[in-house]
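Hi everyone, thanks for making time. I'd like to walk you through one structure today, and then spend most of the time on a single helix in it.

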Amino acid sequence: MESGIPLSGQLRQMPDMANRLIKLPERYEASPIDDELMLIDIDSGRFFALKDVALRIWTSLDGESDLDSIASVLSAEYEVAPQHARQSVGNFADSLVDAGFARFT
């Protein structure tokens, strides 16, 4: 089982931040627990706990907002450098795609 999706680390390749990320609800069950959201992979049973910034990014994935816009909002909200926000959003997006919970459009 895995817990949490990392927001930092080496970028394999930064996605084009103009892309949007679409959630794939047929691949997971979501269950709020306290201040976290648990995503459970339907096929494997693995779970991922989203909280804080990861949860904020997840809730921003509305199919309308592109990843660059989400990073811009986070940069202002958390008072971090725009590049740091872009890297964190890119890393998280990669993690969601790798887990099968979302895809780039």
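I'll start with the whole chain and then move to the helix.

So, first thing to know: this is a predicted model. The protein has 3 helices and 5 strands, and if you read along the sequence, the pattern goes β-β-β-β-α-α-α-β. Of its 105 residues, 37% are buried. Looking at contacts between residues at least 6 apart in sequence, 61% join residues at least 24 apart. As for the surface, the protein exposes about 5,900 Å², and carbon and sulfur atoms supply 49% of that.

Okay, on to helix H2. That's residues 67–78, so 12 residues. From its first C-alpha to its last, H2 reaches 16 Å, close to the 16 Å expected at 1.5 Å a residue.

Now, which residues of H2 are buried? They are Leu67, Ile70, Ala71, Leu74 and Ser75. If you look down the axis of H2, those buried residues fall within an arc of 140°, so they line one face of the helix. Here's the general background: an α-helix has 3.6 residues a turn, so residues three or four places apart point the same way.

And what covers that buried set? The cover includes strand E1 (21–23), helix H1 (52–60), helix H3 (82–99) and strand E5 (102–104).

Last, the two ends. At the start of H2, Asp66 has a side-chain oxygen that comes within 3.1 Å of the backbone nitrogen of Asp68. Just after H2, Glu79 takes a positive phi of about 50°.

That's my tour, happy to take questions.

Technical notes. Residues are numbered from 1 along each chain as its sequence is written. This is a predicted model: local features need pLDDT of at least 70, side-chain atom pairs count only at pLDDT 80 or more; totals for chains, interfaces and linings use all residues. Side-chain values use heavy atoms; hydrogens and water are left out. Helices (H or I, at least four residues) and strands (E, at least two) are DSSP runs, numbered from the N terminus. The expected span of a helix is 1.5 Å times one less than its number of residues. Buried means under 20% relative accessible area, exposed over 50%, partly exposed in between (1.4 Å probe, protein chains only). The arc is that of the directions from the helix axis to the C-beta atoms. Contact means heavy atoms within 4.5 Å. A polar contact is a pair of N or O atoms within 3.5 Å; within protein, one must be able to donate a hydrogen and the other to accept it, and residues adjacent in sequence count only if both atoms are side-chain atoms. Accessible areas come from the Shrake-Rupley method with a 1.4 Å probe; for residues, only the protein chains shown count as cover.
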